[in-house]
Amino acid sequence: MEPKSHENGFNDDDSNRGEKVWLVHRGGFCAAIKLNQSNGAVNIEPGKVLIELEHNGEQMYVDDDDIEKANVGELDLSEDICHLKHLNEASVLHCIRQRYASNLIHTRAGPTLIVVNPMAPLSLYSEKVVSMFKGCKTEDMPPHVYSLAQTAYRAMLETRRDQSLIFMGRSGSGKTASFKHALYYLTLAAGSTNRLLTAEKVNAINTILEAFGNTKTVMNSNATRFTQIFSLDFDHSGQIASASVQIMLMEKSRAGRRTNNESTFHVITRLLAGAEGHLQKELQLDNVNLDENNLFVYISSKLDDRQKASADFSRLAQAFYTLNVDQKSVKAIWSVLAVIYHLGLASATKVGSGSTARIQFAHPSAARRAASLLGVSMEELLAAAFTTSLTNSNPGTPTRSPPDSLDNTLNAAFDSLEGLVIGLYSEAVAAAVSLINKAISTSIHTIASILLVDTPGFQNPASCGQQAGATLSDLKHNYLQERLQLLFHHMTLVMPRERYAQEMVEIDMEGFNESYPGPLVSLIDRSPQSHVVRTSQRDLREADRRGLLWLLDEESIYPNANDDSFLERLFTHYGDRESQSLLRKAPGNRQFVLQHLQGTNPVLYSAIGWLKNSREHPAVKNAITLLQDSSKEEISSLFIGNLARGGTIFCGSIAGMEGTQSLRRVSSIRRSFTSAGVKRNSVMLQVKFTVDGLIDTLRRTGTHFVHCYLLQHNGGTATIANGKLLQHTSEDIVNVPLLRSQVG
Ligand SMILES: Nc1ncnc2c1ncn2[C@@H]1O[C@H](COP(=O)(O)OP(=O)(O)OP(=O)(O)O)[C@@H](O)[C@H]1O
């Protein structure tokens, strides 16, 4: 925009007034009238137009390119943005904003649903509202997450083909909230045989999964850290006859994270705050001290936080009751979680020196509590916790912290203890998911399924003020979001175009600006085509390039490789001019930027510790051995049972595979989830193959996409005062550049 102050050429003559337009500028857009330039105005530069701003009457010349046609006011609240006569960015943003100001947070974009996070509870979802949508056809329903679920249900009944509801968006944008509403709708609207799945049970499942898989981050105070497929399997009559949950790509490293500014999963703090009486004594949690230094668990000193955590724990315990889960199994899970707490206190220390040096628990009394809760001896626990800290017993694992000095020996011990804790936590989650599936899955023959997919949202911590750079876990979540975008692109643009071409229908794509996530996805996950590795050649042949995940994986097995050598290889592969629009170096230590979401969301990453984190520590696997060897029957039987059902969470990185009918029907999907790559210790290739499996699964279904939008960067942590939206204007609430980057 180039505003100009003119003393000549402007007049208020109504005959001069033209069409309504938007003046688009970096901070947003504003309404204006395009004035007729032939009358009055002199010396008009080519490519300029004369406008009058609506809000203050100021007249100015601006670039023609900065103007977009506006629609008539009657279309302000259009239910479907495809109905706008002038379909341009400013008009779409205006429509979403106007609807939001009228408490209409759902908008259609053709078959896709847009939902903006209202940052306040709205009374849009209830049993009564469900009954209004039940049985309806798409064209008879207003945009709502219930209407999308109803459309999927109807399509499943009519075609007998599996359907999926896929929730996409940034962290905190409301994916999980909409996911839960859709699940609630389908449960109530379809009903289930023998009350297998009720709204109460769905609520209980969400409570459990949220406790085990969510945490607090800068972007969302209740951020989901796992991908979930909730499968509803329907019989001939359209009722739910079986259901199951699969959990994958869990950010399990968070359970063993030893940095002060990262929270662990909710369930641990809830257990510590909420276990009372007999349970508290049994778990030996009666002396929890707020000031103690725990490696893995941070307990808030705020009374409010602890009271809330305690109330949440009661709800969690009640959720297991609601699902009729055997209480001995629940107790076994609590024990494993309490063990993590005790191990965090036990910590590690080095005793002796030279050849007699040994690693020991720094606080043996805490370690004894852990051992007795697990039902193993101190020797067994010690061996499981520190096997790899003095000698590198796993030849496949690089010695990144060679135990050649006091610090390195101790660091290796801490890494090992962390590995065990991550393993214990993963097993606890797998057990919880198995118990859920036992409660809701049956072997009744079903004809088709609806898969609801919720994922951790797109992460850009800098957008919420965290300047340290995004982590490797953030990259995994962002990679999944890119793959979902690619799937969306394929299903909504490529496939219809191919269909039109087959049917020889001509479509006018002029002026259509297609953005394509393919190049960045390829930069991240492109498989190696050749065996040339570790070249420092700048002019790599195209065929020799491999994606970031593969580079990280390869680098992590080279002795003496480190985060710097990984970055060097990354820039050897992608330092060329063309790749600069996707990847560039950043000034900070080991920092780089990936231009995510077609450049609309550049994320600054910090690659510190990436190499270490791209291999699973061997101690992770010690957890299952300890649990199976437990002298406590409730523990060993729960975890032996887990293994017998697939023992999936370590190797396949998926929990709950046993419960699924939809995945069982398509055995190739099952294979891709459990393929050889997934079984390797490589965390990065597990990510790649698991995402491949998920996308393959979804591709075979009728897809229904929900795009969730954030109106404020901190929308996942903010609630509008008094729970009210602004009455007259939404301008204070809607961050237009942010919304624009999501719409784009
Ligand atoms: N439809 C809604 N109605 C009311 N509040 C909502 C709605 N959607 C989101 N919110 C609010 O926003 C917060 C963040 O939403 P949610 O956890 O669903 O985001 P998300 O996209 O799943 O985030 P992440 O990817 O981090 O898991 C919720 O805790 C809730 O306070």
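Val593 stands opposite Leu604 in β18. This is a predicted model: local features need pLDDT of at least 70, side-chain atom pairs count only at pLDDT 80 or more, and totals for chains, interfaces and linings use all residues. Residues are numbered from 1 along each chain as its sequence is written.

**The three-stranded sheet**

β17 and β18 pair in the antiparallel sense, over six bridges. Two strands count as paired if DSSP finds at least two bridges between them. Strands themselves are DSSP runs of E with at least two residues, and helices are runs of H or I with at least four, numbered from the N terminus. Strands of a sheet pair through backbone hydrogen bonds, either parallel or antiparallel.

β17 and β18 belong to an open sheet of three strands, ordered β16-β17-β18 with antiparallel pairing. β16 (583-585) and β18 stand at the edges with a single partner strand each, so one side of each lacks a neighbour in the sheet. Neighbouring strands here are turned by 25° against each other on average, direction ignored. The axes are lines fitted to C-alpha atoms; angles run from 0 to 180 degrees between N-to-C directions.

**Positive phi outside glycine**

Most residues other than glycine have a negative phi. Two leucines depart from this sign: Leu249 and Leu597. Both positions are listed below.

| Residue | Phi | Loop | C-beta neighbours within 10 Å |
|---|---|---|---|
| Leu249 | about 50° | between β12 (240-248) and α6 (266-274) | 23 |
| Leu597 | about 45° | between β17 (591-596) and β18 (601-606) | 22 |

Leu249 counts as buried, and Leu597 is buried too. The term buried means 20 or more other C-beta atoms within 10 Å of a residue's own; exposed means 12 or fewer, and partly exposed lies in between, with C-beta atoms placed from the backbone.

**The β13-β14 hairpin**

β13 (residues 348-351) and β14 pair in the antiparallel sense over four bridges. Lys350 stands opposite Ile359 in β14. The two strands form a hairpin with six residues between them. Gly352, in the turn, has a positive phi of about 75°.

β14 (residues 358-361) has two unlike faces: Ile359 and Phe361 are on the covered one, Arg358 and Gln360 on the uncovered one. In a regular strand the side chains alternate between the two faces of the sheet.

**Around the ligand**

Which residues come nearest to the ligand? Of the 22 around it, they are Gly174, Thr176, Ala177, Thr224 and Gly457. A residue is near if its C-beta atom, placed from the backbone, lies within 6 Å. α4 (175-190) and β10 (223-224) each supply at least two residues of the shell. The largest share, three residues, comes from α4. The shell divides into nine nonpolar, twelve polar and one charged residue. Here Ala, Val, Leu, Ile, Met, Phe, Trp, Tyr, Cys and Pro count as nonpolar, Asp, Glu, Lys and Arg as charged, and the others, Gly among them, as polar.

**The chain and its confidence**

The protein chain has 25 helices and 20 strands. Of its 744 residues, 48% count as buried. Residues 24 or more positions apart account for 69% of the contacts with a separation of 6 or more. A contact means C-beta atoms, placed from the backbone, within 7 Å.

The chain averages a pLDDT of 86, and 83% of the residues score at least 70. Over residues 643-652 the pLDDT is below 50; this stretch has 28 contacts in the model beyond near neighbours in sequence. Residues 722-728 also stay under 50, with eleven contacts beyond four places in sequence. pLDDT is the predictor's confidence in each residue, from 0 to 100. For the complex, the predictor gives an ipTM of 0.99 and a pTM of 0.90.

Notes:
Two residues are in contact if their C-beta atoms, placed from the backbone, lie within 7 Å.
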